[in-house]
Amino acid sequence: MGGRQGVAFAAIDIGASSGRVILGRLTDAGPDLQTVHRFANGAQFLGGALRWDIEALFAEVLAGLAAAAQAAAAAGDTVTSIGIDTWAVDYGLVDDAGALRHLPFSYRDGRTGTSIGVVHRAVPPGQLYGRTGLQFLPFNTVYQLAAERSLEGVQALLIPDLLAYRLTGERRTEATNASTTGLLDARTGTWAVDLFGPLGLREDLFPPLVEPGSTIGTLLPAIARKTGLPEATAVLAVGSHDTASAVAAVPAESAHFAYISSGTWSLVGVELDAPILTDESRTANFTNERGVDGTIRYLRNTGGLWLLQECLREWSVEGPSPDLAELLAAAAALPAGGPIIDADSTDFLAPDGMPGRILRAAVASGGSIPSSREALVRCIMDSLAEAYARTLQDAARLSGHRIDVIHVVGGGSQNALLCQLTADRTGLPVLAGPVEATALGNLLVQARAAGLLDAGTGLAGIRRAARAAASTVRYDAADKAALTSAG
């Protein structure tokens with residue numbers, strides 16, 4: 001891997017609770033990442049619904065790009081391209097003039113309750129899964145679209161595509177994120193246009209598809225002036241679904257790995273060459289989402305650190321903000337055998353009242369009642385680890401994919417208690433890191449598009465570069481007899 005002097009890339013990486021803009025370079029020692037801008041994010045109750053303030057979000061994107069331009073110039077570099085990744089399924093409706101019909105809804109808004117039945121009457125669940133291979137989640141894009149009052153005169157742009165449109169004036173739909181809509185053919189990677197009619201959708205509702213590494217466009221003159229970047233700066237499609245970028249940067253050395261992209265959500269699964277569209281897979285509620293280079297991310301969305309984040313938020317309202325490190329240390333000191341709740345339950349989807357909801361679920365489970373904050377935290381960690389182990393066993397069984405090691409990437413890779421409990425419950429080694437896997441995958445796809453990585457080596461080349469950047473921590477099962485192996 002050779003570096004190229006003066007070349008830098010900007011990764012816009014936005015999650016459901018925070019965002020960052022990272023300036024990346026390839027050096028002879030490996031990828032170098034510099035965070036130039038961080039900002040908070042979160043859905044807000046606006047206009048009677050839970051929505052994203054896309055205007056505020058775009059203002060942060062522009063501020064981050066301006067910071068990237070300044071940092072690059074200070075180092076004698078030029079930002080060659082920009083890549084954007086965000087969470088999945090949500091979208092904005094844009095008219096011919098480029099105006100938003102309304103602020104984008106958040107997937108945590110409860111508006112899809114009745115629309116699920118509408119969709120399933122038009123296209124039965126078995127038929128829908130057989131084409132799209134998508135896990136049933138009540139907020140999938142297809143159900144959100146069915147909840148819209150009207151789709152006349154607008155196009156639907158998924159959130160990263162909407163941001164790219166604001167930067168370039170070009171409308172495209174990136175393929176990895178398109179695979180989360182419930183409208184993409186899992187086998188061909190093209191729109192399942194024969195489903196659009198029965199669902200009351202126009203075939204041109206979404207812009208044309210592009211693959212990671214493709215150029216969407218260059219910066220609009222007004223954007224170039226605001227950010228200080230040249231108009232020729234390219235905006236590239238990357239794995240715009242943040243999990244696709246994170247999985248691309250998993251520092252795996254062989255194909256026999258599983259991944260847990262651990263953040264607000266946990267995305268738990270394996271990487272395959274082809275989708276699994278069986279009834280058994282549908283019953284197990286596994287999804288077939290597309291990854292970089294046409295791979296299949298065979299996974300299940302499981303409960304994530306949202307449960308912990310919401311508890312911390314509510315406790316901070318009640319008094320001084322709790323110290324997370326102290327809470328986790330106290331939770332780790334508690335004996336095993338506490339209550340296990342279903343961390344995947346939709347009961348935990350909405351914000352507010354999380355400690356009480358977890359407590360009630362623990363009581364309903366028949367286990368001991370968490371009588372302290374640290375006991376509640378331990379319940380969350382045990383329950384997540386249990387969900388991970390169950391999901392990986394199912395993934396191995398349904399796919400026939402052997403798992404020798406689990407890679408945990410994202411913010412949850414810093415949670416030593418969760419990583420250790422995951423190793424204990426699976427009986428498999430856990431390699432934790434990198435924390436910034438999503439931004440790293442975003443940047444490495446851009447670097448490959450610029451010719452700095454050998455495209456002929458595929459994801460292996462990206463992962464080789466990721467290993468050069470990654471610092472991982474290994475966790476081994478305390479009781480090797482817990483589970484012998486997944487698969």
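Mentor: Quick ground rule: helices (H or I, at least four residues) and strands (E, at least two) are DSSP runs, numbered from the N terminus. This is a predicted model, where local features need pLDDT of at least 70, side-chain atom pairs count only at pLDDT 80 or more, and totals for chains, interfaces and linings use all residues. Residues are numbered from 1 along each chain as its sequence is written, and side-chain values use heavy atoms, with hydrogens and water left out.

Trainee: Okay, is Thr426 buried or exposed?

Mentor: Thr426 sits in helix H15 (residues 416–426). Buried means under 20% relative accessible area, exposed over 50%, and partly exposed in between (1.4 Å probe, protein chains only). Thr426 has a relative accessible area of 5%, so this residue is buried.

Trainee: Which helix gives the largest share of the largest nonpolar core?

Mentor: A nonpolar core is a set of buried Ala, Val, Leu, Ile, Met, Phe, Trp, Tyr and Cys residues joined through side-chain atoms within 4.5 Å. The largest one has 51 residues, and Leu307, Ile358, Val377, Met381 and Leu384 have the most contacts inside it. Its largest share, 12 residues, comes from helix H14 (residues 373–399).

Trainee: What about strand E8: which residue there is the bridge partner of Leu93?

Mentor: Strands pair if DSSP finds at least two bridges between them. Strand E7 (residues 91–95) and E8 do so in the antiparallel sense, over five bridges. In E8, Leu93 is partnered by Ala156.

Trainee: And which residues of E8 are buried on the side opposite Val154, Ala156 and Leu158?

Mentor: In a regular strand the side chains alternate between the two faces of the sheet. Five of the five residues in strand E8 (residues 154–158) are buried. With Val154, Ala156 and Leu158 on one side, the other side has Gln155 and Leu157.

Trainee: Now the aromatics: why is the Tyr107 and Trp265 pair tilted?

Mentor: Rings of Phe, Tyr and Trp (its six-membered ring) pair if their centres lie within 6.5 Å; planes under 30 degrees apart count as stacked, over 60 as edge-to-face and the rest as tilted. By this rule there are nine aromatic pairs. The centres of Tyr107 and Trp265 are 6.4 Å apart and the planes are at 50 degrees, so the pair is tilted.

Trainee: Over which ring does the charged end of Arg51 sit?

Mentor: The test is that NZ of Lys or CZ of Arg is within 6 Å of the ring centre and within 35 degrees of the ring normal. Arg166 lies over the face of Phe58, at 5.7 Å from the ring centre. For Arg51, the charged end is 4.1 Å from the centre of the ring of Phe105.
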